[in-house]
Amino acid sequence: GRAADDELSSKLLSLALLLHALEHPGPAFKSGPAFVRATRQHLCVALLKNATSAHMQVVALSLRIFVALLAHFKAHLKAEIEVFISTIFLKIVDSEYSTAEQKELVLAVLERLCDDWQGLVELFVNYDCGGLDDQDLFRRIVLCLAKVAKGLSQGADGEGGGQSKKVTEEGPKLRFKGIECL
């Protein structure tokens, strides 16, 4: 009803304002301990919830906020970045229950990530070369994108442990997006 529409409108406005602030941060905002703490404790948790919302506008804004965080605050958010990519992005792309629209939104974020060669090197060094407890995040992203480009789905573990199957409803648009990312 009306209350739910007002709540959604309020959330969209709040996300849009937050996105604007994060896309144009000043130096004190980027490195202030209070902001970094609030981002880790509150913003990232809210973004994780919003990234799986049933409202695509909320998902889209949340993913754009994540891109802004990557661009300006990644030095402070190593663990959070791994959580976003592993538990949200790769699972959405891998899931047979995700809509093509959800997958397109996530692939757009991964494309932005892949456009930054320096960021990719940092991703590889920080998450794949760390020793015994490394998450192989770069490897898992590449495997996931390769399967999308081939038109195959995979298990959420990124290993392709189950039998791969042809994805029919997602079509060539997602395959092309996977190729662009690679």
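**Figure 1. E180 is partly exposed, with a relative accessible area of 36%, and pairs with K177 in a salt bridge.** The view is taken from a predicted model, and the value for E180 falls between the limits of 20% and 50%, which is why E180 counts neither as buried nor as exposed. In the salt bridge between K177 and E180, the closest N and O atoms are 3.8 Å apart. Both residues belong to helix α9, where they are 3 residues apart, or about one turn of the helix.

**Figure 2. K177 also forms a salt bridge with E111.** Here the closest N and O atoms are 2.7 Å apart. Since K177 lies in helix α9 whereas E111 lies in helix α6, the pair ties together parts of the chain that are 66 residues apart in sequence. Is E111 buried or exposed? With a relative accessible area of 18%, E111 is under the limit of 20% and therefore counts as buried.

**Figure 3. E104 and K173 form a salt bridge between helix α6 and helix α9.** The closest N and O atoms of this pair are 3.3 Å apart. E104 is part of α6 and K173 is part of α9, which spans residues 171-181, so the salt bridge ties together parts that are 69 residues apart in sequence. The two partners can also be described by their accessibility: E104 is partly exposed, at 27% relative accessibility, while K173, with a relative accessible area of 55%, is exposed. In general, side chains of opposite charge can pair when their charged atoms come close. The structure holds 8 salt bridges, and elsewhere in the chain K74, D116 and E122 are linked in a network of such bridges.

**Figure 4. Helix α3 packs against helix α4.** Two packed helices are described by the angle between their axes and the distance between the axes. For α3 (residues 33-50) and α4 (residues 56-73), the angle is about 150° and the axes are 10 Å apart. This angle is over 145 degrees, so α3 is roughly antiparallel to α4. The crossing in which α3 passes α4 is left-handed. On the side of α3, the residues in contact are F35, T39, L43, L47 and N50, and they meet V58, V59, S62, I65, F66, L69 and F73 in α4. Sorted by type, the residues of this contact divide into 9 nonpolar and 3 polar, with no charged residue.

**Figure 5. Helix α4 packs against helix α6.** How are the two helices oriented to each other? The packing angle between α4 and α6 (residues 100-115) is about 10°, and their axes are 10 Å apart; because the angle is under 35 degrees, α4 is roughly parallel to α6. From α4, the residues M56, V59, A60, L63, F66, V67 and L70 take part, meeting E101, Q102, L105, V106, V109, R112 and L113 in α6. This contact is made up of 11 nonpolar residues, 1 polar residue and 2 charged residues.

**Figure 6. The chain as a whole contains 9 helices and 2 strands.** Read from the N terminus on, the elements follow the order α-α-α-α-α-α-α-α-β-β-α. Of the 182 residues in the chain, 41% are buried. Among contacts with a separation of 6 or more, 64% join residues that are 24 or more positions apart.

Terms used
Residues are numbered from 1 along each chain as its sequence is written. This is a predicted model: local features need pLDDT of at least 70, side-chain atom pairs count only at pLDDT 80 or more; totals for chains, interfaces and linings use all residues. Side-chain values use heavy atoms; hydrogens and water are left out. Axes are lines fitted to C-alpha atoms, for helices over the stretch in contact, and angles run from 0 to 180 degrees between N-to-C directions. Helices (H or I, at least four residues) and strands (E, at least two) are DSSP runs, numbered from the N terminus. Angles under 35 degrees count as roughly parallel, over 145 as roughly antiparallel, 65 to 115 as roughly perpendicular and the rest as oblique. A crossing is left-handed if the near helix is turned anticlockwise from the far one by less than a right angle, and right-handed if clockwise. Contact means heavy atoms within 4.5 Å. Ala, Val, Leu, Ile, Met, Phe, Trp, Tyr, Cys and Pro count as nonpolar, Asp, Glu, Lys and Arg as charged, and the others, Gly among them, as polar. A salt bridge is a side-chain nitrogen of Lys or Arg within 4 Å of a carboxyl oxygen of Asp or Glu. Buried means under 20% relative accessible area, exposed over 50%, partly exposed in between (1.4 Å probe, protein chains only).
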